[in-house]
Each structure stands twice: as C-alpha cells, then as structure tokens.
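Here are some notes to read alongside the structure. Have it open and follow the points in order.

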Amino acid sequence: MRDINGRNPSSQQPQRIAAMNDEAIIAATRQWIEKAVIGLNLCPFAKAIYVKDQVRFVVSHARHLDGLLEDLDRELELIGSTDQDAIETTLLIHPELLPDFLDFNDFVQLAESAVGEHDLDGVIQIASFHPRFQFEGTEPDDISNFSNRAPFPTLHLLREESIDRAVEAFPDAESVYERNIETLGALGHEGWRALWREP
C-alpha cells in the first residue's frame, strides 16, 4: 500500500506526520483539495465553496478516540449554530489516530451517531476520507479508492441543505461516482503519483 504520494506509509508516514505542524497539515489537505478534489473534478460542488473560503479546517490533537469525539462534538455544535456563509463545511483532521482504515471506518459509525445526539440528523451529514480508503468489494490498490484518499484521516461535516442545492444545480449528481472511476482509471496510479511531484 502506498500513500497519496506513492510512498510506503509504514516506513515514511509516521516520521513525516511527526515533523508537521498544524499549518503544514492543513496545507497538505488544501493541496489535495486543489489538485485532486477540484483539479480532477472529483467533486463538482467543491470549487465554489472553497474559493469563497467557506471551508473550515480543524486539526485535532486528541490523544485517544474519546478526545476525538469531543472535538467532533465541538465542531458539530459550531457548524450547527453558525451561518453557512461563514462556515459552509468543516474538515476535521487527525494526522495520527486511526491509521488503520478498518478502525477508522468503525469510528465513522460513532461519528454518525454523534450527529443524532446533537439533533442534527437531516441537517449535517458526515463523509469520510483516509489515506488507505477502500470501497467495499474493491482491492486495496484499486484506483477507484483514490477518490476518497486524503493525506490524513478526515471527517467531512456537510450541510444537508447544501447537498440538496448542489444536486438541484447538477442534475447528474448521481453519476459523480461513476465519472470519478473513469477519471481515475484514465489517470492510473502513475498519473496519480505525478500529481504530487514538485514541478
């Protein structure tokens, strides 16, 4: 398995993360958004929000999962009580906890339960991204998995209202997944690695 830059995370990822401060972690996440999510048009709704600076980036320093859930609680309260012109969506990033994707996937279920605990069902939806993201029924290195491979484990807090508006604006929204598979298939693993090379 290789990370977003095509490197083996087992030998390089821990040292790289340990040396990164919050600014560098957010910068790496922004690079992923600009080069992959927007650059490859993996999410046709992302650019408008991103260029308006309506994306909140939060790096969690929780030392355990309970602490990460507490950070999630705070972000759910904030986005639930803040005008969407100020915060349209939030990315909660933890660079060190949950390096195993299956553990992360289990945690996402707890995160979704937290949405209900805050009475935000139907208001906020959580999407998940991970350096080793794997869709059910795929092989680990299947190129389709890279549509959800962020530099770090990330919970994306989305407003349901915004999703509904985006679907209305893009009638073929349901075809995004299939289009992403085609885009990534044409790019291939070498093309994906090339995105992250310095010019």
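**Notes on the fold and one helix**

1. Start with how the chain folds back on itself. Among its contacts (heavy atoms within 4.5 Å) between residues at least 6 apart in sequence, 72% join residues at least 24 apart. Keep in mind that this is a predicted model, where local features need pLDDT of at least 70 and side-chain atom pairs count only at pLDDT 80 or more, while totals for chains, interfaces and linings use all residues. Residues are numbered from 1 along each chain as its sequence is written, and side-chain values use heavy atoms, with hydrogens and water left out.

2. Now the overall layout. The chain has seven helices and four strands, and along the sequence they come in the order α-α-α-β-α-β-α-β-β-α-α. Helices here are DSSP runs of H or I with at least four residues, strands are runs of E with at least two, and both are numbered from the N terminus.

3. What about inside and outside? Of the 199 residues in the chain, 47% are buried; buried means under 20% relative accessible area, exposed means over 50%, and partly exposed is in between (1.4 Å probe, protein chains only). The chain exposes about 10600 Å², and carbon and sulfur atoms supply 50% of that. Those areas come from the Shrake-Rupley method with a 1.4 Å probe, and for residues only the protein chains shown count as cover.

4. Helix α5 is worth a longer stop. It runs over residues 101-117, and at 1.5 Å a residue its 17 residues should span 24 Å, which agrees with the 24 Å between its end C-alpha atoms. The expected span is 1.5 Å times one less than the number of residues.

5. Which residues of α5 are buried? They are Phe101, Phe104, Phe107, Val108, Ala111, Ala114 and Val115. Looking down the axis of α5, these buried residues fall within an arc of 120°, so they line one face of the helix. The arc is taken from the directions from the helix axis to the C-beta atoms. Turned away from that buried side is a face carrying the exposed residues Leu102, Gln109 and Glu117. The cover over the buried residues of α5 includes α4 (65-81), β3 (124-129) and β4 (154-159).

6. Check both ends of α5 too. At its start, a side-chain oxygen of aspartate 100 comes to within 3.0 Å of the backbone nitrogen of leucine 102. After α5 comes aspartate 119, with a positive phi near 55°, although aspartate 119 is not a glycine. Aspartate 119 sits in the loop between α5 and β3 and is exposed, with a relative accessible area of 68%.

7. The loop between β2 and α5 holds leucine 98, another residue to click on. Phi of leucine 98 is near 60°, a positive value in a residue other than glycine. Leucine 98 counts as buried at 10% relative accessibility. Glutamate 96 lies in the loop between β2 (89-93) and α5 as well, but glutamate 96 counts as exposed, at 55%. Its C-alpha atom is 9.3 Å from that of serine 60, and the two residues are 36 apart along the chain.

8. Next, the aromatic rings. Rings of Phe, Tyr and Trp (its six-membered ring) pair if their centres lie within 6.5 Å; planes under 30 degrees apart count as stacked, over 60 as edge-to-face and the rest as tilted. By this rule there are seven aromatic pairs. In one of them, phenylalanine 101 and phenylalanine 133 have ring centres 5.0 Å apart and planes at 55°, so the pair is tilted. This pair links distant parts of the chain, with phenylalanine 101 in helix α5 and phenylalanine 133 in the loop between β3 and β4, 32 residues apart.

9. Stay with phenylalanine 133, which is buried at 8% relative accessible area. Phenylalanine 133 also pairs edge-to-face with phenylalanine 135, at 4.8 Å centre to centre and 70° between the planes. Phenylalanine 135 counts as buried at 19%, and phenylalanine 101 is buried at 9%. Ring pairs join Phe101, Phe104, Phe133, Phe135 and Tyr177 into a cluster.

10. Last, have a look at threonine 29 in helix α2 (residues 22-38). Threonine 29 is buried, with a relative accessible area of 1%. Leaving out residues up to four places away in sequence, threonine 29 touches Phe57, Leu91, Ile93, Pro151 and Phe152.

Methods:
Polar contact = N/O pair within 3.5 Å; in protein donor to acceptor, adjacent residues only side chain to side chain.
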